[in-house]
Amino acid sequence: MSTTVRNIAVFASGSGSNAENLIRYFNTMDSIHSPRIALVVTNRPDAMVISRAEKAGVPVRILTRSQINDEAVMKALMEEFAIDAIVLAGFLLMVPLFLLRMYPDRIINIHPSLLPRYGGRGMYGRHVHQAVIDAHDTITGITIHYVNEEYDSGQILFQTSVPVTDTDTADTVEAKIHALEREHFPQVVHQLWGI
């Protein structure tokens with residue numbers, strides 16, 4: 001694998017708002033030296049990310065959990081699209097160890113809390129926002145980090161926060177988090193791997 005990131009695969013399991021944001025940011029750049037989103041991988045055939053990616057002209061592959069955990073299947077797929085790096089954007093499965101070895105320091109994730117708070121198995125999306133409300137936290141935010149063999153425990157690359165008020169609900173916290181993701185996620189990826 002080259003040291004330059006040209007083609008990024010986005011792995012997503014849900015609505016795909018972050019995937020769409022990344023596609024819009026990278027795939028409309030004029031520079032031939034900037035990375036592009038070359039592939040979207042999902043484990044859910046009903047995920048909204050599929051239609052978002054297809055509308056943007058990005059190929060999508062829907063894979064079962066067993067296919068994602070099959071080294072031969074994944075290696076062939078990554079080679080087919082000449083993937084240099086992987087971004088997790090709401091991907092809920094554990095990344096298999098062989099992919100971590102194929103892409104050392106080339107797999108990152110975005111998490112909707114200030115890790116290490118509210119990380120780990122089962123802590124995603126609304127579950128995180130409700131935990132913030134239930135704990136009466138006064139701030140929350142996003143974390144972008146390298147992926148390793150444990151959920152949400154890789155080296156932190158970027159964090160930013162927003163205040164949580166007494167009148168906030170899980171829904172309003174979610175809206176604040178989405179705004180942070182839209183603003184910062186593509187720029188952090190670009191700073192990490194762009195030219």
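Helices (H or I, at least four residues) and strands (E, at least two) are DSSP runs, numbered from the N terminus. You're looking at a predicted model, where local features need pLDDT of at least 70, side-chain atom pairs count only at pLDDT 80 or more, and totals for chains, interfaces and linings use all residues. Residues are numbered from 1 along each chain as its sequence is written, and side-chain values use heavy atoms, with hydrogens and water left out.

**Exercise 1. Look at the loop between β5 and α6, and find the cis peptide bond and the positive phi.**

Step 1. Go to P116, which is found in this loop between β5 and α6. The peptide bond leading from L115 into P116 is cis, with omega near 15°.

Step 2. Now find Y118, in the loop between β5 and α6. Phi of Y118 is positive, near 60°, and this residue isn't a glycine.

**Exercise 2. Work out the strand order of the sheet and what packs on it.**

Step 1. Lay out the strands: 7 of them form an open sheet with mixed pairing, in the order β3-β2-β1-β4-β5-β6-β7. Two strands pair if DSSP finds at least two bridges between them.

Step 2. Check the edges. β3 (60-62) and β7 (156-163) each have a single partner strand, so one side of each has no neighbour in the sheet. From one strand to the next, the twist averages 20°.

Step 3. Zoom in on one pair. β1 (residues 7-11) and β2 (residues 36-42) run parallel and are joined by 5 bridges. Here V10 sits opposite V40 in β2.

Step 4. Add the helices, taking contact as heavy atoms within 4.5 Å. Helix α4 (residues 71-80) packs on the sheet and touches β1, β2, β3 and β4 (85-88), its direction making about 155° with that of β2. Helix α7 (residues 170-193) also packs on the sheet, and its direction makes about 30° with that of β6. Axes are lines fitted to C-alpha atoms, for helices over the stretch in contact, and angles run from 0 to 180 degrees between N-to-C directions.

**Exercise 3. Describe how α6 packs against α7.**

Step 1. Pick your numbers: two packed helices are described by the angle between their axes and the distance between the axes.

Step 2. Fill them in. Helix α6 (residues 125-134) and α7 pack at about 115°, with axes 9 Å apart.

Step 3. List the contact residues. α6 brings R126, H129, Q130 and I133, while α7 brings A170, D171, V173, E174 and I177.

Step 4. Sort them by class: 4 nonpolar, 2 polar and 3 charged. Ala, Val, Leu, Ile, Met, Phe, Trp, Tyr, Cys and Pro count as nonpolar, Asp, Glu, Lys and Arg as charged, and the others, Gly among them, as polar.
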